[in-house]
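Q: I would like a close look at one part of this model, followed outward into its surroundings. Please keep the account plain and connected.

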2 protein chains.
Amino acid sequence: MADSRADRKGVEALWRLERQEETGSRPTLSLADIVAAALEIADADGLAEVSMARVAKRLGFSTMALYRHVPNKGELLTLMFDAGVGAPPSTILATSEWRARMHVLARVYLEIFQRRPWLLDIPITGPPMGPNNIHWLDTGLSILKETGLDAGDRVEVFLLLTSYLLGSVRLFVEMARAAEAAAGGGSPVADEKGYGTALRRLLPAGRFPAVEAAIAAGVFDDGEEDDVAELQRGLDIILDGVEALMARRGVTGER
Amino acid sequence: MADSRADRKGVEALWRLERQEETGSRPTLSLADIVAAALEIADADGLAEVSMARVAKRLGFSTMALYRHVPNKGELLTLMFDAGVGAPPSTILATSEWRARMHVLARVYLEIFQRRPWLLDIPITGPPMGPNNIHWLDTGLSILKETGLDAGDRVEVFLLLTSYLLGSVRLFVEMARAAEAAAGGGSPVADEKGYGTALRRLLPAGRFPAVEAAIAAGVFDDGEEDDVAELQRGLDIILDGVEALMARRGVTGER
DNA sequence: CACATCTGTGTACGTGATACACATTGGCAT
DNA sequence: ATGCCAATGTGTATCACGTACACAGATGTG
């Protein structure tokens, strides 16, 4: 039971830890091909349409051939996540001040998930380890170096930012999806457009006063508000908090 | 094709929108039973073990009986999420100051997901609409009322907090899982304990300087650090940002 | 009492992941 | 050269699972 190429977990293969095999037939199918094909399918028809069979067919190989390069479908999904997110664009470092850079990073991040909503459907299986994910981490940390915070704080802040970004982006994308489903929808029933409308219809009166107040204020009726703008406002709140941390630590920032 | 009980989407059934049927045989199986059974299975053996067949068997009904109460498995999962998270405990309002309350809320939230990690495996399919989720929303918003911010800002801040919490919690739980998998693990290969170790082994030198700096500083070697403490620190950063927002808005808080 | 209607059941089907055994390939040691 | 062996790609088989469908029993209404 010699260890096959796929046994070195897909993720590790990404880092080219693969020692060249000395013997055996040379592969004609590559991990990169597989992931690329899977991405194309997901982009075209969504993640649900990505099956091992279909990926293989698109490449002109048998289904089982994939298993020579990927231990199982879960790993393939993880690889798709890393590849689908891609490397952070250099645009991010085009501006010069750390807050501005973070804003660009956030915007770009949102755009990626808007372009590939299926990324959110991938069950995350562990801490980020793919090359692209690490690249984002590197970019974020290097931006934060300008704050003057120490390494520990920088990581903490970055995790904070990442958590917020991913959570927000997920919310935006889900909302958009739900709206889309209701609009193009199948149910001939009232295709309610907004979260607000739905809540108004469902909630029993008097039980959730704080929510009702918000509904009454019309907060949930997404009035064409720009996702980007909202994301940026949330980001600013966090960045203000980071500045407070900097003050507490007695660092000044701006290099 | 009369509209069956299940056709009124599971989620809506939770709000007791069900008009009592005037005719037909009375149900002996209830939605609540189904969800409860599913929770028990997930608690015992993880979400992957929750199959329609197994849930039904546990209840002593046929598999297809479930479909009289739930339109499909996806809906069942959504219901499981709402039920699994549960209502926010009153502990949260036991303290008196809004920041303290948020800290309690965060701690409690983390504990829930630590107790039921499988909640994170449930694919979220839309904006939160279950009663318990709304209850959390209500709790959060009512805490924020003390800040003096207006309804719009309150919702925005709460979404910000929720995004952060969920993202962080996910990270913690994933880390714990990965560590556990490596420890109890199957691979007789080096069962690396920490993220730091793994990164050190994988990363090519020189390509990700900011990450390397962090690794060198030992930031990723999770030295028994308390998840709760880390969560609370991140939360404080955000809450500082919220206070900055309050200042900008010219409100004082503390009712 | 007949009817409409809903609940629960058994069976059947389709899909998808993946285990397994085999044919093939190509470098390496002799 | 030549024979060996590990690794690649294939075909077939299996198994689990979600769910469509048609039927049987129950139950309240006209």
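What covers the buried residues of α2(A)?

A: In this predicted model, the cover over the buried residues of α2(A) includes α1, α3 (52-59) and α4 of chain A.

The helix itself is regular in length. Its end C-alpha atoms lie 21 Å apart, which agrees with the 21 Å that the 15 residues of α2(A) should span at 1.5 Å a residue. The buried residues of α2(A) are Leu31(A), Ile34(A), Val35(A), Ala37(A), Ala38(A), Ile41(A) and Ala42(A). They are on the same side of α2(A), because the arc they cover around the axis is only 160°. An α-helix has 3.6 residues a turn, so residues three or four places apart point the same way. Just after α2(A) comes Gly46(A), with a positive phi of about 90°.

Ala38(A) gives a view of the packing at the level of residues. Leaving aside residues up to four places away in sequence, Ala38(A) touches Val50(A), Val55(A), Leu76(A) and Met80(A). Of these, Leu76(A) and Met80(A) are among the buried residues of α4(A).

Helix α4(A) covers residues 73-85. Its 13 residues reach 18 Å from first C-alpha to last, close to the 18 Å expected at 1.5 Å a residue. Also buried in α4(A) are Leu77(A), Thr78(A), Leu79(A), Phe81(A), Asp82(A), Gly84(A) and Val85(A). The cover over the buried residues of α4(A) includes α2 (31-45), along with α1 (10-14), α5 (98-115) and α6 (131-145) of chain A. After α4(A) comes Gly86(A), whose phi is positive, near 75°.

Both helices also feature in the largest nonpolar core, which has 133 residues. Ile34(A), Ala38(A), Met80(A), Ile238(A), Ala38(B), Met80(B) and Ile238(B) touch the most other members of this core. The helix that gives the most to this core is α7(B), with 12 residues.

That leads to the second chain. A turn of 180° with a shift of 0.0 Å along the axis lays chain B on chain A with an RMSD of 0.1 Å, which means that the two are related by a two-fold axis. The same surface serves both copies, as 100% of the contact residues of chain B recur in chain A. In the interface, 52 residues of chain B are in contact with 52 residues of chain A. On the side of chain B that touches chain A, the elements giving two or more residues are α6 (131-145), α7 (151-184), α8 (195-202), α9 (209-216) and α10 (227-249) of chain B. The largest share, 17 residues, comes from α7(B). By type, that side of chain B divides into 33 nonpolar, 10 polar and nine charged residues.

Note on methods
Residues are numbered from 1 along each chain as its sequence is written. Chains are lettered from A and ligands numbered from 1 in the order in which they are written. This is a predicted model: local features need pLDDT of at least 70, side-chain atom pairs count only at pLDDT 80 or more; totals for chains, interfaces and linings use all residues. Copies are superposed by least squares on the C-alpha atoms of residues with pLDDT of at least 70 in both. Two residues are in contact if their C-beta atoms, placed from the backbone, lie within 7 Å. Helices (H or I, at least four residues) and strands (E, at least two) are DSSP runs, numbered from the N terminus. Ala, Val, Leu, Ile, Met, Phe, Trp, Tyr, Cys and Pro count as nonpolar, Asp, Glu, Lys and Arg as charged, and the others, Gly among them, as polar. The expected span of a helix is 1.5 Å times one less than its number of residues. A residue is buried if 20 or more other C-beta atoms lie within 10 Å of its own, exposed if 12 or fewer, and partly exposed in between; C-beta atoms are placed from the backbone. A nonpolar core is a set of buried Ala, Val, Leu, Ile, Met, Phe, Trp, Tyr and Cys residues joined through C-beta atoms within 7 Å. The arc is that of the directions from the helix axis to the C-beta atoms.
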